[in-house]
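Thank you all for coming. I would like to walk you slowly through one structure today, so please have it open in front of you.

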Amino acid sequence: MVRVSRSTVIDAPIEAVWSVLRDFNDHDRWHPAVARSRIDDGKKPDQIGSVRNFVLASGERIREQLLSLSDKNHAFRYTIVESDIPLMDYVAEVSLKPVTDGQRTFWSWKSSFRTPLGQEEELANLVAEGVYEAGFAAVRAEVEGALKTGKAFAQGTIAADTVVGGTITGETMTGTAMVIDRYGGPEELHQTTVSVPPPERGQVRLRQQAIGVNFVDVYCRSGLFNLLTPPGAPGMEAAGVVIEVGPGVTHLKPGQRVAYACPPVGAYTDLRTMDANLLVALPDDVDLETAAACLLKGMTAEFLLHRVHAVKRGETILVYAPAGGVGRLLCQWGRHMGATVIGATSSEEKARVARAAGAQHVILPGPKNLGEQVMDLTRGRGADVIFDAVGNDSFQYSIAALATCGHLVSFGQASGDIGARDISSLAAKSITLSRPNFAHYTDTPEKVQNITLHLFEAIRHRVITIDITQRYDLKDAAEAHRALQDRETTGSIILRASDA
């Protein structure tokens, strides 16, 4: 058992020092090691049994429970009930005594705890110097300075202050969201006010700055996908800043920049509370708009090229919609991996974008169909893999364009579901057919971390570049949907939610 004891004398009457210390939730105001604090479950900060839930300036989370408090003896005891720092069975006691020689106060702070073997000295010094001595200095400066200015110190119960402006409030906040009340066209999107609750255990509340717009949002709005049940907000991708963390969250802290690309839907809002393990901490060299524009598309491109079909140098790949968000990334990344990239698009304007993204050949509508054009370009061999985001209208052409033992990756359905198909026809070329689901490649924090590390590295080394071609205010989400549906866009679209 490790025991730590420190004491000091403060040139102030005991009532002045006690009025500061007896508030069990006031330490984030005066202690330099504490970033923010709140009392769990709405209890008072001097109520026996109350738990203060706080975060250190270094990011660690600690929860401490008040065991006893005596105004008569000017003393209280508390224990750690949960901590990111290995201080086990930690019990501490703070007590004040008046110094008979003058209006001064003797302050004793002592504790006992267990630690892992080998860390006794390190953690004892941390408690003694980083907590107790630092606390002594901070309270001394506050109380002695206040007395010089004539400030009065109240006695009795101290009410807990609600802290706002990016720290823990424990209160519901009001946000603005774009929602649908029923399935339908872009006109169903309308602005409304939403209540955003404080984070519970394992959650965070964040202020979103940029929101990605993707075809999956169109599918959710129209009812093609059952990910959204009205009333509700679409959106699976956004980036912003954490403003509050719930109990048990240790890898994120307020002020940290984060992004996500995952269900549940609901990204079309300026404030959101969600599970912390769904969020990705952003490196310093990836800004919020880039993250919102690339995370879902970039993660999709990463697992398509490296996990669904591990593209090899010398292979020929065909990319539908090569001027779009995912398509551009597939062209860039596939070319970097040594593949011959063929794009299939609808206009010369989009063909120029595809070529700039790395497509060596671009197929446009003409006298020959897509399958015939691919066979001409590959001298009758066909494509090794086709990344098809079109769906129903392109399926048969894709089958015709594949090489023997080729791989059709059907990952989207801009023209509708491919419907029921007779797979026996695939045997003519020994074709492999895949229909990957984004959620299955990103359903654990470990999978997300591996994919996003690879994605950010590709951005950092300019293997891929993120082209944000349209920016809309959140209130104009319907306009963004119309442009996307009408295939008027290239690159990525984002909604600007706030100036966070």
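Let me begin with a term: by contact, or touching, I mean heavy atoms within 4.5 Å. What we have is a predicted model, in which local features need pLDDT of at least 70 and side-chain atom pairs count only at pLDDT 80 or more, while totals for chains, interfaces and linings use all residues. Residues are numbered from 1 along each chain as its sequence is written, and side-chain values use heavy atoms, leaving out hydrogens and water.

Leaving aside residues up to four places away in sequence, Leu495 touches a set of residues that includes Ile211, Tyr268, Tyr472 and Leu474. Leu495 and Tyr268 also appear, with Val204, Leu330, Trp333, Phe387 and Leu455, as the residues that touch the most other members of the largest nonpolar core, which has 93 residues. Such a core is a set of buried Ala, Val, Leu, Ile, Met, Phe, Trp, Tyr and Cys residues joined through side-chain atoms within 4.5 Å, where buried means under 20% relative accessible area with a 1.4 Å probe, protein chains only. A second, separate core of 39 residues includes Phe24 and Tyr132.

Now to the strands, which are DSSP runs of E with at least two residues, and which pair if DSSP finds at least two bridges between them. Six of them form an open sheet with parallel pairing, in the order E17-E16-E15-E18-E19-E20. Strands E17 and E20 stand at the edges with a single partner strand each, so one side of each lacks a neighbour in the sheet. Further in, five bridges join E18 to E19, and Phe387 stands opposite Val409 in E19.

How values were computed: Helices (H or I, at least four residues) and strands (E, at least two) are DSSP runs, numbered from the N terminus. Buried means under 20% relative accessible area, exposed over 50%, partly exposed in between (1.4 Å probe, protein chains only).
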